[in-house]
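Here's a quick tour for anyone opening this structure for the first time. Have the sequence and the 3D view side by side, and follow along at your own pace.

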Amino acid sequence: MKSVAVIGTVGIPSCYGGFESLVENLTLNKSDDIKYTVFCSSKAYKSKKRKHNGAHLIYLPLSANGVSSIFYDIISLIVCILKRPDAVLILGVSGCIFLPIFRFLSRSKIITNIDGLEWKREKWSLWQRKFLKFSESMAVKYSDIIISDNQAITDYVLSEYKVESKTIAYGGDHAIRNIDERNEKPYVDEPYSLGLCRIEPENNISLILNAFSQIENKLIFVGNWQSSDYGKQLREKYSSYSNIELLDPIYDLDKLYFLRKNCSFYIHGHSAGGTNPSLVEMMHFKHPIFAFDCNFNRFSTDNKAFYFKSSDELIKLLSVQDSSSLMANATSMHEIAAKVYTWENISKNYEALY
């Protein structure tokens with residue numbers, strides 16, 4: 001039996017977020033010889049379960065996000081020094097400044113998923129970016145194994161630190177729900193494109209909304225519009241367009257299933273962060289995907305999606321594709337997802353590292 005402690009997430013049961021979905025599905029698909037302990041933020045859960053998916057849950061009275069995530073991760077590591085799991089799986093680099101001490105005091109194998117070059121995100125201030133970059137360097141130096149979720153990040157780690165990392169993406173097949181569809185009414189009766197993401201500048205929401213404001217195609221976009229001035233400004237600017245519908249976050253996978261299943265196209269604007277969970281989830285639905293043109297998205301889709309870098313390019317792509325090219329795109333996305341982005345495969349890859 002291998003004991004594995006998971007550090008760095010809000011916790012499980014998962015509500016929202018790529019790392020939380022990862023842990024949810026790792027524990028759900030675990031082998032019989034793996035025993036998980038997951039650290040959870042008590043601030044995120046009214047009901048505090050002791051176990052979930054067979055994993056033991058430990059609650060800490062801190063937020064797992066923002067500045068407090070540093071202390072949240074460090075305290076989790078201190079608890080692991082006492083509990084002595086066979087391996088610790090660290091998701092994100094916030095608390096990795098503590099790794100030199102942890103490595104000296106613990107015999108646990110250290111496996112760190114460094115996330116998607118978090119220090120490059122526009123939402124962080126200069127000092128926050130410098131801290132995250134330093135934490136990333138500590139993670140690479142003091143971990144036994146580094147996990148990258150995208151080949152572009154694997155290439156970066158090798159170039160920046162001369163270290164070989166393991167490339168393991170995310171599963172997306174949990175988005176396909178086993179539910180009765182007979183009584184489900186379509187959200188809208190007309191064809192629509194779908195966008196779904198956190199409302200942040202590097203996700204190019206402004207570019208996408210600007211494109212749809214110039215055409216008649218219907219767009220439904222789901223996101224946390226009220227969480228920032230950026231989101232509020234976009235909502236105020238574009239909610240008046242009759243073909244653009246901006247929805248608040250939807251966390252219920254069953255409700256998301258119907259929105260995803262019934263759309264005509266998926267518009268993916270992420271330009272940072274490695275392999276994006278919402279993208280690989282959508283690839284399982286066999287719909288054409290239009291993705292922002294960056295190396296992360298090209299690796300994730302094996303260069304077989306439609307790519308854009310501006311509003312004009314997106315408008316042109318949406319207008320010139322014929323039915324055969326759309327079908328070929330959709331089929332390619334589904335074939336890649338079924339081969340690469342399943343939780344059975346991802347879980348086996350993680351467990352091989354423990």
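**A first look around**

Let's start with a serine: Ser42 counts as buried, at 19% relative accessibility. Ser42 is found in the loop that runs between β2 (34-41) and β3 (51-52). Keep in mind that this is a predicted model. From here, the stops are grouped by topic.

**Three serines and their surroundings**

- Setting aside the neighbours within four places in sequence, Ser42 is in contact with Lys48, Tyr59, Leu60 and Pro61.
- Next up is Ser108, which sits in the loop between α3 (99-105) and β6 (109-113). Ser108 counts as buried too, because its relative accessibility is 7%.
- Which backbone oxygen does the side chain of Ser108 reach? That oxygen belongs to Pro85, at 2.5 Å.
- Ser108 and Pro85 are 23 residues apart along the chain, yet their C-alpha atoms are separated by 6.0 Å.
- Pro85 has company: leaving out neighbours within four places in sequence, Ser108 is in contact with Arg84, Pro85, Asp86, Ala87, Val88, Phe102 and Asp144.
- The third serine, Ser300, has its place in helix α10. Ser300 is buried, with a relative accessible area of 2%.
- The side chains of Ser300 and Thr275 are joined by a polar contact of 3.5 Å.
- Beyond its neighbours within four places in sequence, Ser300 is in contact with Asn150, Thr275, Leu279, Met283, Ile336 and Tyr341.

**The second largest pocket**

- How much space lies in the second largest pocket? The figure is about 250 Å³.
- A set of 17 residues lines this pocket, and Asp149, Thr167, Ala169, Val340 and Tyr341 lie nearest its centre. Tyr341 has already come up, as one of the contacts of Ser300.
- Three helices each supply at least two residues of the lining: α10 (295-300), α12 (323-340) and α13 (343-353). Among them, α10 is the helix where Ser300 has its place.
- By type, the lining of the second largest pocket divides into 7 nonpolar, 7 polar and 3 charged residues.

**Helices under cover**

- Is α1 mostly covered or mostly open? α1 is mostly covered, with 10 of its 11 residues buried.
- The buried residues of α1 are a mixed list: Gly18, Phe19, Glu20, Ser21, Leu22, Val23, Glu24, Asn25, Leu26 and Thr27.
- Helix α6 (residues 205-212) has 6 of its 8 residues buried, so it is largely enclosed by the rest of the structure.
- In α6, the buried residues are Ile205, Leu207, Ile208, Leu209, Ala211 and Phe212.

**Backbone oddities**

- As background, most residues other than glycine have a negative phi, and most peptide bonds are trans.
- Lys286 isn't a glycine, but it has a positive phi of about 60°. You'll find Lys286 in the loop between α9 (277-283) and β13 (289-292).
- Lys286 counts as partly exposed, because its relative accessibility is 41%.
- Asp302 isn't a glycine either, and its phi is positive at about 55°. Asp302 has its place in the loop between α10 and β14 (306-308).
- Asp302 is partly exposed, with a relative accessible area of 42%.
- Which peptide bond is cis? The bond from Ile12 to Pro13 is cis, with omega near 0°. Pro13 lies in the loop between β1 (2-7) and α1 (18-28).

**Cysteines without partners**

- How many disulfides does a search of the whole structure find? The search turns up 0.
- Why is there no bond for Cys96? The closest cysteine sulfur, in Cys80, is 12 Å from the sulfur of Cys96, which is too far for a bond. For a disulfide, the two sulfur atoms would have to be within 2.5 Å.
- Cys96 is buried, with a relative accessible area of 1%.
- Cys197 is in a similar spot: its sulfur is 13 Å from the closest cysteine sulfur, in Cys294, so that pair is also too far for a bond.
- Cys197 counts as buried, at 6% relative accessibility.

Conventions. Residues numbered from 1 in each chain as written. Predicted model: local features only at pLDDT ≥ 70, side-chain atom pairs only at ≥ 80, totals over all residues. Heavy atoms only, no water. 1 Å grid on protein atoms, 1.4 Å probe; cavity = no way out; pocket = protein on both sides within 12 Å on 5 of 7 lines; lining within 4 Å. Points joined across faces, edges and corners; volume = space filled by probe spheres on them. Helix = DSSP H or I, 4+ residues; strand = E, 2+ residues; numbered from the N terminus. Nonpolar A, V, L, I, M, F, W, Y, C, P; charged D, E, K, R; others polar. Buried < 20%, exposed > 50% of the residue type's maximum accessible area, 1.4 Å probe, protein only. Contact = heavy atoms within 4.5 Å. Polar contact = N/O pair within 3.5 Å; in protein donor to acceptor, adjacent residues only side chain to side chain.
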